[in-house]
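This report describes the fold of one protein chain for a reader who is new to structural analysis. Please keep the sequence and the structure in view while reading.

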Amino acid sequence: MKTPWHLWLVGIVTLFWNAGGAFDYTMTQTRNADYMSKFTPEQLEYFYGFPTWVVTVWAIAVWAAVLGSVLLLMRNRLAIWAFTVSLLGMAANMIWSFALSGTSMTKAMGPEATWFSAAIALVAIALLWYARHMKIRGILR
């Protein structure tokens with residue numbers, strides 16, 4: 001079956017979107033001085049105070065999303081699993097960020113962080129739905 005044009009569009013756009021998340025993760029974890037200089041001392045304390053399991057699920061979420069976009073472009077059905085793993089990692093991270101941490105993300109980063117997190121979650125859900133739909137249509141092998 002011929003690859004539909006929208007698969008290329010979705011795959012490329014989301015590869016850049018997910019690469020942005022991976023870049024943010026990498027710059028935060030390596031404590032890149034230029035990148036982290038835009039945050040207040042309180043925000044840096046919030047980021048640097050993540051427990052190991054939160055850093056781990058964050059890594060899983062961002063790198064599985066990048067892998068999912070690559071697999072989508074390759075028309076590989078494993079994109080569904082990668083997007084599922086990414087969404088689960090994101091959910092665990094958000095539960096900690098908004099409910100379990102001593103300082104919620106909204107308090108540390110402002111209300112924009114809540115809206116941006118919601119947008120990230122919606123994109124992740126849409127990607128999983130799209131990959132499943134492409135599998136059902138026989139586009140992903």
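## The pairing of α5 and α7

In this predicted model, helices α5 and α7 pack with their axes 9 Å apart, at an angle of about 160°. Because angles over 145 degrees count as roughly antiparallel, α5 is roughly antiparallel to α7. The crossing of α5 past α7 is left-handed.

Which residues of the two helices meet? On the side of α5 they are I80, F83, T84, L87, M90, M94 and F98. On the side of α7 they are T114, S117, I120, A121, A124, I125, L127, L128, A131, R132 and K135.

## S117, a residue of α7

Is S117 buried or exposed? This residue, which lies in helix α7, has a relative accessibility of 8%. Residues under 20% count as buried, and S117 therefore belongs to the buried residues. When neighbours within four places in sequence are left aside, S117 is in contact with M94, F98 and M105. M94 and F98 are also among the residues of α5 that meet α7.

## The overall architecture

The protein has 7 helices and 0 strands. Read from the N terminus, the order of elements is therefore simply α-α-α-α-α-α-α. Along its principal axes, the C-alpha trace spans about 55 × 30 × 25 Å.

Of the 141 residues in the protein, 41% are buried. Among contacts with a separation of 6 or more, 73% are between residues 24 or more positions apart.

## Helix α1 and its surroundings

Helix α1 covers residues 5-29 and has 25 residues. From its first C-alpha to its last it reaches 36 Å, which is close to the 36 Å expected at 1.5 Å a residue. Just after this helix, R31 takes a positive phi of about 55°.

The buried residues of α1 are L7, G11, T14, N18, A22, Y25, M27 and T28. What covers these buried residues? The elements that do so include α2 (33-36), α3 (41-48), α4 (52-73), α5 (78-100) and α7 (111-136).

## Two nonpolar cores

The largest nonpolar core has 17 residues, and within it Y25, Y46, F47 and F50 touch the most other members. Two or more residues come from each of α1, α2, α3, α4 and α6 (105-109). The greatest contribution is that of α4, with 5 residues.

F47 illustrates how parts of the chain come together. Leaving aside neighbours within four places in sequence, F47 is in contact with T28, M36, F39 and M109. A second core, separate from the largest one, has 14 residues, including L7, A79, Y130 and L140.

## T40, a residue in a loop

Where does T40 lie? T40 is found in the loop between α2 and α3. Its relative accessible area is 35%. Since values between 20% and 50% count as partly exposed, T40 is described as partly exposed.

T40 and M109 are 69 residues apart along the chain, and their C-alpha atoms are separated by 9.2 Å. M109 is also one of the contacts of F47.

How values were computed. Residues are numbered from 1 along each chain as its sequence is written. This is a predicted model: local features need pLDDT of at least 70, side-chain atom pairs count only at pLDDT 80 or more; totals for chains, interfaces and linings use all residues. Side-chain values use heavy atoms; hydrogens and water are left out. Helices (H or I, at least four residues) and strands (E, at least two) are DSSP runs, numbered from the N terminus. The expected span of a helix is 1.5 Å times one less than its number of residues. Buried means under 20% relative accessible area, exposed over 50%, partly exposed in between (1.4 Å probe, protein chains only). Contact means heavy atoms within 4.5 Å. A nonpolar core is a set of buried Ala, Val, Leu, Ile, Met, Phe, Trp, Tyr and Cys residues joined through side-chain atoms within 4.5 Å. Axes are lines fitted to C-alpha atoms, for helices over the stretch in contact, and angles run from 0 to 180 degrees between N-to-C directions. Angles under 35 degrees count as roughly parallel, over 145 as roughly antiparallel, 65 to 115 as roughly perpendicular and the rest as oblique. A crossing is left-handed if the near helix is turned anticlockwise from the far one by less than a right angle, and right-handed if clockwise.
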